[in-house]
Amino acid sequence: MQVLISGGSGLIGQAVTKELVRNGHGVVILSRNAANVADQPAGVRVVGWDAKTTEGWGQVMNEVDAVVHLAGVSLSGSNPFNMRWTAKKKKAIRDSRLQTGAALQQAIREAKTPPKVFIQSSAIGYYGARGGEVLREDASLGTGFLAELSKEWEDSTREVEALGLRRVVIRTGLVLDGEDGAFPFFKLQYALFAGGRIGSGKQYYSWIHIDDMGKAIRFLIENDEAEGVFNLTAPNPETNRDFGKILGKVMGRPSLMVVPAFLLNLVLEEASSVVLTGQNVVPDKLLKLGYSFEYTELKSALRDML
């Protein structure tokens, strides 16, 4: 099977690429900076695009069996301490998701032999701030910027269903990787003996190990019964307070500090909702379909990364 990945140079994209290649599939990565991601394993081809149109790459859609659409500007950028959502930043976040989706849809419409499967990325921010409520895939849409963004993001490629493709929407939680994403900042906090809860500490972190992220997406590509929305989170979310305690124990560090909510609100403004609110999300449909998680408990996931 040949799989096209938009945003294939990112954290999740690279995990999916490695998992697909390891299992005998070929990969085509769409990247705005193809030269910067040229160092890929055998079986992977990098194709440049402008992330807005089909110019120069659209014909590739005739060569692939599945599409994994992950492209989009990061909510936090390269530094979570510099993630304030200005009007300009919000526009860039939104446009990068909707424009790439539109370009992929156009390429599928124009393809003589279109792919059979389309994986659409989204996020558990779709559910909004819901406290401790257990959220399965049938939970209602929440409120706020992240919920509205996720809804638009998911809807941006809905047309591919009418074109005959099996479409899967993946709502992703906090992806844990030892070298990239948010986890290195958590690790640094505890390494400096400054670990502890953020705000009330009651907000849930619905996490997933990077290995399960790659494997679950491959599972959804290969499984013909997979269709519709799937939560990509481990089965056992943790509150921020317990997340910190477990990380502290694994690292042999205390978890006593408190980052006041008002301070984060002052520094990050609206973007502080990412860390001060959470969702208690469970992967109900993924488990029912038969996916077996490698990491179901946070302690084992953290030990693997550390």
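A crossing of two helices is left-handed if the near helix is turned anticlockwise from the far one by less than a right angle, and right-handed if clockwise. In the predicted model described here, helix H2 passes helix H3 in a right-handed crossing. The contact between the two helices is made by Lys90, Ile93, Arg94, Arg97 and Leu98 on the side of H2, and by Phe145, Leu149, Glu152 and Trp153 on the side of H3. H2 spans residues 87-110 and H3 spans residues 145-155; their axes come within 9 Å and cross at roughly 20°. Angles under 35 degrees count as roughly parallel, and H2 and H3 are therefore roughly parallel to each other. Two of the contacting residues, Arg97 of H2 and Trp153 of H3, are also related through a charge and a ring: Arg97 lies over the face of Trp153, at 4.4 Å from the ring centre.

A second arrangement of this kind involves Arg171 and Tyr126. The charged end of Arg171 sits over the ring of Tyr126, at a distance of 3.6 Å from its centre.

Trp153 and Arg171 both recur among the contacts of Ser122, a residue of strand E5 (residues 117-123). Leaving aside neighbours within four places in sequence, Ser122 is in contact with Ser150, Trp153, Glu154, Val169, Ile170, Arg171 and Thr172. Ser122 has a relative accessible area of 2% and is buried. By contrast with these contacts, the C-alpha atoms of Ser122 and Gly56 are separated by 27 Å, the two residues being 66 residues apart along the chain.

Gln120 is likewise placed in strand E5. With a relative accessible area of 0%, Gln120 is buried. Apart from neighbours within four places in sequence, the residues in contact with Gln120 are His69, Trp153, Glu154, Ser156, Thr157, Arg167, Val168, Val169 and Ile170. Of these, Arg167 is 47 residues away from Gln120 in sequence, and the C-alpha atoms of the two are 7.2 Å apart in space. Trp153, Glu154, Val169 and Ile170 appear in the contact lists of both Ser122 and Gln120.

A further helix pair is formed by H1 (residues 11-22) and H6 (residues 210-222), which pack at an angle of about 60° with their axes 8 Å apart. H1 and H6 are therefore oblique to each other. As in the case of H2 and H3, the crossing of H1 and H6 is right-handed. H1 contributes Leu11, Ile12, Ala15, Val16, Glu19 and Leu20 to the contact, while H6 contributes Ile210, Met213, Gly214, Lys215, Ile217, Arg218 and Ile221.

Aromatic side chains were examined next. A pair of aromatic rings is described by the distance of the centres and the angle of the planes. The count in the model comes to 8 aromatic pairs. One of them is formed by Phe186 and Phe243, a tilted pair with 5.3 Å centre to centre and 45° between the planes. This pair links distant parts of the chain, with Phe186 in helix H5 (residues 183-191) and Phe243 in helix H7 (residues 240-251), 57 residues apart. Both phenylalanines, Phe186 and Phe243, are buried. Phe243 also pairs with Tyr205: the ring centres lie 5.7 Å apart and the planes are at 70°, so this pair is edge-to-face. Because Tyr205 lies in strand E10 (residues 204-205) and Phe243 in helix H7, the pair ties together parts that are 38 residues apart in sequence. The relative accessibility of Tyr205 is 7%, and Tyr205 therefore counts as buried; Phe243, with a relative accessible area of 2%, is buried as well. Phe186, Tyr205 and Phe243 form one aromatic cluster.

Finally, the backbone was considered. Most residues other than glycine have a negative phi. Ala51, which is not a glycine, nevertheless has a positive phi of about 65°. Ala51 is located in the loop between strand E3 (44-48) and strand E4 (66-69), and is buried, with a relative accessible area of 11%. Phe193 provides another instance of a positive phi in a residue other than glycine, with a value near 60°. The position of Phe193 is in the loop between H5 and strand E9 (196-198).

Definitions and conventions
Residues numbered from 1 in each chain as written. Predicted model: local features only at pLDDT ≥ 70, side-chain atom pairs only at ≥ 80, totals over all residues. Heavy atoms only, no water. Phe/Tyr/Trp six-rings, centres within 6.5 Å; stacked < 30°, edge-to-face > 60°. Helix = DSSP H or I, 4+ residues; strand = E, 2+ residues; numbered from the N terminus. Buried < 20%, exposed > 50% of the residue type's maximum accessible area, 1.4 Å probe, protein only. Lys NZ or Arg CZ within 6 Å of the ring centre and 35° of its normal. Axes fitted to C-alpha atoms, helices over the stretch in contact; angles between N-to-C directions. Parallel < 35°, antiparallel > 145°, perpendicular 65-115°, else oblique. Contact = heavy atoms within 4.5 Å.
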